[in-house]
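Trainee: Could we go through this structure together, with questions on its folding pattern, its interior and its aromatic rings?

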Amino acid sequence: MLNDIQTMGTTPPCSVIEHLVPGDASPGNVELSLVVPALNEEITVGEFIDWCKEGLKCAGVSGQVLIVDSSTDDTPRIVLEHGGEVLRTPKRGLGRAYIDAIPYIRGKWIVMGDADLTYDFRELTPFVEEFRKGAEFVMGSRFRGSIEKGAMPGLHRYFGTPLTTWILNRIYRSHYSDIHCGMRGLTRAALEKIDLKSESWEYASEMVLKAARLRLATAEVPVKFYKDREGRFSHHRRLGWLSPWVAGWLNLKVMLVYTPDSFLLKPGIALMALGLLLSFGLAGGPVLIGNVGFSLYWMLFGVTCTTLGYSSIQIGILARVMHGLRPLLVERAHKFVTYDRGMLVAAGFAFTGGVLLCTLVYRYLNHGLRLEAVSHPAILGLLLIILGFQTFCFTLLMEMGQRVASTSRQ
């Protein structure tokens, strides 16, 4: 097997994935799989494998150490010499590494991390204890554990990580203290439920937010975080000063992409309620409340609020349907928004709006194709026609989504 590894001097083409195991690896029952991506980690990976073995022994579990490798140095050879398994993959990103590894994971529990000795894999016991208590997703926390001086840049420690953690906790009502901790664990079943899609740094946020959305039994344990060993530079430093900012932007993007309903549904309902109040309240003409006058511009503001709010609600519902992270809500949405019901509502909006517009057309024709006054009912009619068209499009999209879901289940 070591002879085989010598022939792989460069990263294999995209279609090649090769699983290499040492001679002493046994296919017996495995409780815990340590799944770790590596890219040119020959300086640290040998000691890292030894740490993993020590951690498994201290935790009292049978284990698998699987290194997902896309290196061009001696990393895979060193892994095999120390008794680990190697999954050779093309260089495609951290998230992609975990996706590629799924068929080769043998444990019922999984712990992920880095092979650079920044996370202490000798201390696996807290993760195993939480798994045995029934946790499906176990998040490591450097802030609840310890951070060696110089291990984390100040920008990350005091701004980037706390800010993005706060944002995710507000959106998902979670209670994490360190969403970017690279050492985390989950059950094999949970990994399949999460169904990772992100192929780069943003996998970390996708995993955390999906765990929250799927209401997985979650725990958080303290971990130790060390600075890079002498002679080794982190991947962020290798890629330049812009890399941490790009990683942060990608993580923020995932948080927003996977949760548009969180910041669209409730604000959309409030915005639409305000808009309808103004639009219908001023449909008969200007209103004076005390010394405050409400006239045309307030009504146009109401039309704008109604349109934006209705769009937000629809996009929020569609987001929940597309992501499928809340099956019961999706089922209820499909039962409520049926094709027949949607089309009737759309037609009702359009017909009522058309009737209101007819009064404007009548006055326009009878005054020599000229309008001498603003017609507030006509503006309400235009709003109803817009809502009718939006309802028509939304109904079609919901119907299409239901058909696609039915086809995929078959």
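What follows is a set of questions and answers on this structure.

Mentor: Keep in mind that this is a predicted model, in which local features need pLDDT of at least 70 and side-chain atom pairs count only at pLDDT 80 or more, while totals for chains, interfaces and linings use all residues. Residues are numbered from 1 along each chain as its sequence is written, and side-chain values use heavy atoms, with hydrogens and water left out.

Trainee: Is Thr-307 buried or exposed?
Mentor: Thr-307 has its place in helix 12, residues 296–323, where helices are DSSP runs of H or I with at least four residues, strands are runs of E with at least two, and both are numbered from the N terminus. Buried means under 20% relative accessible area, exposed over 50%, and partly exposed in between, with a 1.4 Å probe and protein chains only. Because its relative accessibility is 19%, Thr-307 counts as buried.

Trainee: Which residues have the most contacts inside the largest nonpolar core?
Mentor: A nonpolar core is a set of buried Ala, Val, Leu, Ile, Met, Phe, Trp, Tyr and Cys residues joined through side-chain atoms within 4.5 Å; contact likewise means heavy atoms within 4.5 Å. The largest such core has 73 residues, and its largest share, seven residues, comes from helix 2, residues 45–59. Those with the most contacts inside this core are Leu-32 and Phe-121.

Trainee: How many residues does helix 6 give to the nonpolar patch?
Mentor: Such a patch joins nonpolar side chains (Val, Leu, Ile, Met, Phe, Trp, Tyr) within 5 Å, like charges being joined within 9 Å, and takes residues with over 30% relative accessible area and no salt bridge, that is, no side-chain nitrogen of Lys or Arg within 4 Å of a carboxyl oxygen of Asp or Glu. The patch covers about 690 Å², an area from the Shrake-Rupley method with a 1.4 Å probe, for which only the protein chains shown count as cover for residues. Helix 6 (154–172) and helix 10 (243–257) each supply at least two residues, and helix 6 gives the most, with four residues.

Trainee: How far apart in sequence are the parts that Tyr-119 and Phe-225 tie together?
Mentor: Rings of Phe, Tyr and Trp (its six-membered ring) pair if their centres lie within 6.5 Å, with planes under 30 degrees apart counted as stacked, over 60 as edge-to-face and the rest as tilted. Tyr-119 and Phe-225 form a tilted pair, 5.1 Å centre to centre with 45° between the planes. Because Tyr-119 lies in the loop between strand 5 and helix 5 and Phe-225 in strand 8 (residues 218–225), the pair ties together parts that are apart in sequence by 106 residues.
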